[in-house]
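This briefing covers the fold, the strand pairing, the loops and the charged pairs of one protein chain. The sequence and the model come next.

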Amino acid sequence: MNSRRRLHGIVTSNKMTKTVVVEISRSFRHPLYRKVVHLSNRVKAHDELGCQVGDQVQIVESRPLSREKRWVVETIVKREVRTADTGVEA
């Protein structure tokens with residue numbers, strides 16, 4: 001096992017070629033005020049696996065691949081369940 005950071009997140013966009021936007025969310029309790037703080041960070045990651053929007057993925061740190069890409073999708077943890085939309089409202 002190497003020392004690269006690994007993070008879990010949800011794919012929010014896959015409109016670019018071989019690139020996805022992954023949102024990493026974390027929650028923690030503020031040390032002084034004891035209120036729950038929710039933070040999220042969006043990063044661009046290289047995608048060779050064909051991720052879809054809503055998939056939970058594990059990303060790993062890598063060398064700079066472009067101006068903004070420093071992460072690579074390692075595995076798809078959970079696929080988003082997609083339903084057939086007919087476009088007709090009842």
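At 47% relative accessibility, Arg5 falls into the partly exposed class, because that value is neither under 20% nor over 50%. The side chain of Arg5 meets that of Glu61 in a salt bridge, with 3.2 Å from N to O. The model is predicted, and it has 5 strands and 0 helices. The strands close into a barrel.

**Overall fold**

- Along the sequence the pattern reads β-β-β-β-β.
- The radius of gyration is 16 Å, well over the 12 Å that the globule rule gives for 90 residues, so the protein is more spread out than a compact globule.
- The C-alpha trace spans about 50 × 35 × 25 Å along its principal axes.
- Buried residues make up 26% of the 90 in the protein.
- The exposed area is about 7000 Å², and 51% of it is supplied by carbon and sulfur atoms.
- Among contacts between residues at least 6 apart in sequence, 49% join residues at least 24 apart.

**Barrel and strand pairing**

- The 5 strands follow the order E1-E2-E3-E5-E4 around the barrel, with mixed pairing. Neighbouring strands are turned by 50 degrees against each other on average, with direction ignored.
- Strands of a sheet pair through backbone hydrogen bonds, in a parallel or antiparallel sense.
- Strand E2 (residues 19–29) and strand E3 (residues 36–46) are antiparallel and pair over 11 bridges. In this pairing, Arg29 stands opposite Val36 in E3.
- Strand E1 (residues 6–16) runs antiparallel to strand E4 (residues 56–61), and 5 bridges join the two. Here Ile10 stands opposite Gln56 in E4.
- E1 also runs antiparallel to E2, to which 4 bridges join it. One position in this pairing is Ser13, which stands opposite Val21 in E2.

**Ser13 in strand E1**

- Ser13 lies in strand E1. Its relative accessible area is 17%, which is under the 20% limit, so Ser13 counts as buried.
- Leaving aside neighbours within four places in sequence, Ser13 is in contact with Thr19, Val20, Val21 and Val53. Val21 is thus listed among the contacts of Ser13 and also stands opposite this serine in the strand pairing.

**Loops with positive phi**

- E1 and E2 form a hairpin with 2 residues between them. Lys18 is found in the loop between these strands.
- Lys18 has a positive phi of about 55 degrees, although this residue is not a glycine. Its relative accessibility of 47% places Lys18 in the partly exposed class.
- Arg34 lies in the loop between E2 and E3. Arg34 is not a glycine either, and has a positive phi of about 60 degrees.
- Arg34 is partly exposed, at 49% relative accessibility.

**Salt bridges**

- The structure holds 6 salt bridges.
- One of them is the pair of Arg5 and Glu61. This pair links distant parts of the chain, with Arg5 in the segment before E1 and Glu61 in strand E4, 56 residues apart. Glu61 is partly exposed, with a relative accessible area of 27%.
- Arg6 forms a salt bridge with Glu74, and their closest N and O atoms are 3.1 Å apart. Arg6 lies in strand E1 and Glu74 in strand E5 (residues 69–78), so the pair ties together parts that are 68 residues apart in sequence.
- Both partners of this pair are partly exposed: Arg6 has a relative accessibility of 25%, and Glu74 has a relative accessible area of 32%.
- Arg79 and Asp55 meet through their side chains in a salt bridge of 3.2 Å, N to O. Arg79 sits in the segment after E5 and Asp55 in the loop between E3 and E4, 24 residues apart.
- Arg79 is partly exposed at 43% relative accessibility, whereas Asp55 is buried with a relative accessible area of 0%.
- Lys44, Arg67 and Glu68 are joined into one network by salt bridges that share partners.

Conventions. Residues are numbered from 1 along each chain as its sequence is written. This is a predicted model: local features need pLDDT of at least 70, side-chain atom pairs count only at pLDDT 80 or more; totals for chains, interfaces and linings use all residues. Side-chain values use heavy atoms; hydrogens and water are left out. Two strands pair if DSSP finds at least two bridges between them. Axes are lines fitted to C-alpha atoms, for helices over the stretch in contact, and angles run from 0 to 180 degrees between N-to-C directions. Buried means under 20% relative accessible area, exposed over 50%, partly exposed in between (1.4 Å probe, protein chains only). The radius of gyration is taken over C-alpha atoms; the globule rule is 2.2 Å times the number of residues to the power 0.38. Contact means heavy atoms within 4.5 Å. Accessible areas come from the Shrake-Rupley method with a 1.4 Å probe; for residues, only the protein chains shown count as cover. A salt bridge is a side-chain nitrogen of Lys or Arg within 4 Å of a carboxyl oxygen of Asp or Glu.
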